[in-house]
Amino acid sequence: MMPTSDYDPACLPDLLPLYYRRLFPFSQYYRWLSYGGVSKNYFQNREFSFTLKDDIYVRYQSFTTQNELEKEMQKMVPYKVDIGAVYSHRPSQHNAVKSGAFQALEKELVFDIDMTDYDDVRRCCSAADICSKCWTLMIIAIRILDRALREDFGFHHLLWVYSGRRGVHCWVCDDAARKLSVAARSAVAEYLSLVKGGEETLRKVVLSDPIHPFINHSLSVVERYFQQYAIVEQDILGSKESVDKVLALLLVQFPDVFICLCVSVKSSIKKGGQYFDKEIMLQYCYPRLDVNVSKGVNHLLKSPFSVHPKTGRISVPIDLKELNTFDPFEVPTISLICEELERPTADEAEEDDVKDKENEQEAGERRRIRDYKRTSLAKYVKVFDRFLEAMARSWKGEMLKKSGELETSFSVFLTFMSFTYT
C-alpha cells in the first residue's frame with residue numbers, strides 16, 4: 001500500500017490555497033493549453049471542471065486569460081481539476097447557446113491506465129493499493145503505448161502523467177491528434193486494445209496467425225519484464241490457486257487433453273494458429289485501457305498538477321528517460337512541498353526583519369519568483385518545460401513552413417503579374 005505518512009487529508013483545505021497561490025505552474029499550464037495561440041479562442045473555449053470540497057462538482061468552467069484562470073482557482077480552491085474539450089462556444093456560456101449549437105470540437109487524444117483493471121493478474125495488491133512490484137505493469141504499459149503512438153501513428157508530443165494514486169494518463173497533443181473524430185479515436189483505441197472481456201472471460205487475449213507486427217513489438221517489451229515481474233515478484237506459480245489460473249488458460253485452448261507442465265517464458269507451443277505462452281504473457285502484462293476515455297471528444301480527464309485528495313500526491317509528468325527508476329512513492333505530496341516552501345533559505349533568514357515591513361503586494365511579487373523551484377516539485381515542472389519546448393519547436397517549424405509556402409505563392413503571383421502587364 002502506498003505510504004502517505006506525511007499527508008493528512010484533513011489538512012487539504014489549509015494547503016490548497018498556498019499551493020494555488022505559490023506553487024501551481026500556471027505559466028506553463030496556460031502555455032500548454034494555448035498551443036501557441038495559433039487558433040483563435042482555443043484556450044477560452046476549453047472546458048475545465050472543478051471538484052470542490054464535499055464532492056461539489058462544477059462543470060463548464062472556462063477562462064479568457066491565464067490571470068483569470070489563476071484568480072478563479074485561487075478563489076474556488078478545487079480539490080480536483082479536470083480538463084475537457086475545446087468547444088464551439090465558451091463553456092461558461094453553454095446555457096445561452098442555441099440548442100444543438102454547443103459542440104465539442106477538439107481535444108487531446110487521451111489514455112487512462114488504472115491499476116485496478118489488473119486485479120485478476122496481480123497478487124501483491126488489489127483495488128486502489130499499489131506497490132513497487134505491480135508498478136512494473138505501468139512501466140510496461142507506457143513503453144508499449146508510447147512506441148506504438150509514435151512509430152505506428154506518427155505522433156510526437158506525448159505527455160505521460162502519474163495520476164497521483166494508482167495509474168497513469170497519456171495526453172497526445174499533436175495537432176492531428178486533437179482534431180481526430182470520435183470514429184478515428186475509437187479506431188486508435190481498438191488497435192491498441194488486446195486484453196478483452198470481463199470477469200467471466202477466462203481467456204482475454206487471443207492471437208491469430210501470423211502475429212501482427214504491433215503485437216510482436218509489444219511482446220518484445222513484455223518478455224523483457226515477464227520473468228522478473230510475473231515468475232519472481234508475482235510468483236504466479238507459487239501457489240495452487242495461481243497455478244490453477246495458468247492451467248485454466250491452457251485447458252481453454254486444449255480442452256481434449258489434460259496438460260501437466262511447468263510454464264517457461266522461453267517455451268513456445270504452436271497449435272492451430274494459437275500461441276498459448278505469448279497469450280499468457282500478454283494477459284498478465286499487456287496494458288489494460290479504459291477505451292471509453294480515449295473514444296470520446298467530450299470526455300474529461302484529471303489535469304496534470306492536480307492534487308489527489310486521498311494520497312495528497314501531485315499528478316506529475318513522467319520523464320520517459322528515467323521511466324525504469326520512476327517511483328510513485330517518491331512523488332511529492334502537497335504537505336511536503338508546502339513545508340519545503342516555508343523553510344527559509346539562508347538569504348531569507350537574514351531578511352526576516354525586512355519582510356516584516358514589506359506590504360502584502362510586494363511580498364506577493366517576491367514569492368512569484370518561481371517558488372516551486374525551492375521544492376521537490378521543481379524536477380517535474382522541468383519535465384513539463386522540456387515537453388513544452390519540443391512543442392514550441394514544432395509550432396515554429398510549422399509557422400516557418402507556412403511562411404515559406406506563402407512566400408513561394410506570392411513570388412509565383414508576382415511572376416504571373418509581371419508577365420500579364422508586360
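Which strands each supply at least two residues of the lining of the largest pocket? They are strand E3 (80-87), E5, E7 and strand E10 (301-302), where helices (H or I, at least four residues) and strands (E, at least two) are DSSP runs numbered from the N terminus. The model is predicted, so to speak of local features takes a pLDDT of at least 70 and side-chain atom pairs count only at pLDDT 80 or more, while totals for chains, interfaces and linings use all residues. Residues are numbered from 1 along each chain as its sequence is written, and side-chain values use heavy atoms, with hydrogens and water left out.

The pocket itself comes next. A pocket here is an open set of points on a 1 Å grid over the protein atoms alone, where a 1.4 Å probe fits, with protein on both sides within 12 Å along at least five of seven lines; lining residues have an atom within 4 Å of a point. The largest pocket has a volume of about 470 Å³, a volume being the space filled by probe spheres set on the points, which are joined across faces, edges and corners. Its lining has 22 residues, and Lys80, Arg166, His169, Lys302 and His308 lie nearest the centre. E5 gives the most to this lining, with three residues. Sorted by class, the lining holds nine nonpolar, five polar and eight charged residues; Ala, Val, Leu, Ile, Met, Phe, Trp, Tyr, Cys and Pro count as nonpolar, Asp, Glu, Lys and Arg as charged, and the others, Gly among them, as polar.

Now for E3 and its neighbours. Seven of the eight residues of E3 are buried, so the strand is largely enclosed by the rest of the structure; buried means under 20% relative accessible area, exposed over 50%, and partly exposed in between (1.4 Å probe, protein chains only). Two strands pair if DSSP finds at least two bridges between them. E1 and E3 run antiparallel and are joined by five bridges, with Ile83 in E3 as the bridge partner of Phe48. E3 also pairs with E10 in the antiparallel sense, over two bridges, and here Asp82 has Lys302 in E10 as its partner. Two more antiparallel bridges join E3 to strand E4 (residues 104-106), where Val86 stands opposite Glu106.

Side chains of opposite charge can pair when their charged atoms come close. With a salt bridge taken as a side-chain nitrogen of Lys or Arg within 4 Å of a carboxyl oxygen of Asp or Glu, the count comes to 22 salt bridges. In one of them, Glu47 meets Arg59, with the closest N and O atoms 2.8 Å apart. This pair links distant parts of the chain, Glu47 sitting in strand E1 (residues 46-52) and Arg59 in strand E2 (residues 56-61), twelve residues apart. Glu47 is buried at a relative accessible area of 0%, whereas Arg59 is partly exposed at 29%.

Arg166, met above at the pocket, forms a salt bridge with Asp114, the closest N and O atoms being 2.9 Å apart. Asp114 belongs to strand E5 (residues 109-114) and Arg166 to the loop between strand E6 (158-162) and strand E7 (167-172), 52 residues away along the chain. Asp114 is buried, at 18% relative accessibility, and Arg166 is partly exposed, at 24%.

Arg150 and Asp146 form another salt bridge (2.8 Å, N to O); they are about one helical turn apart because four residues separate them in helix H4 (residues 136-152).
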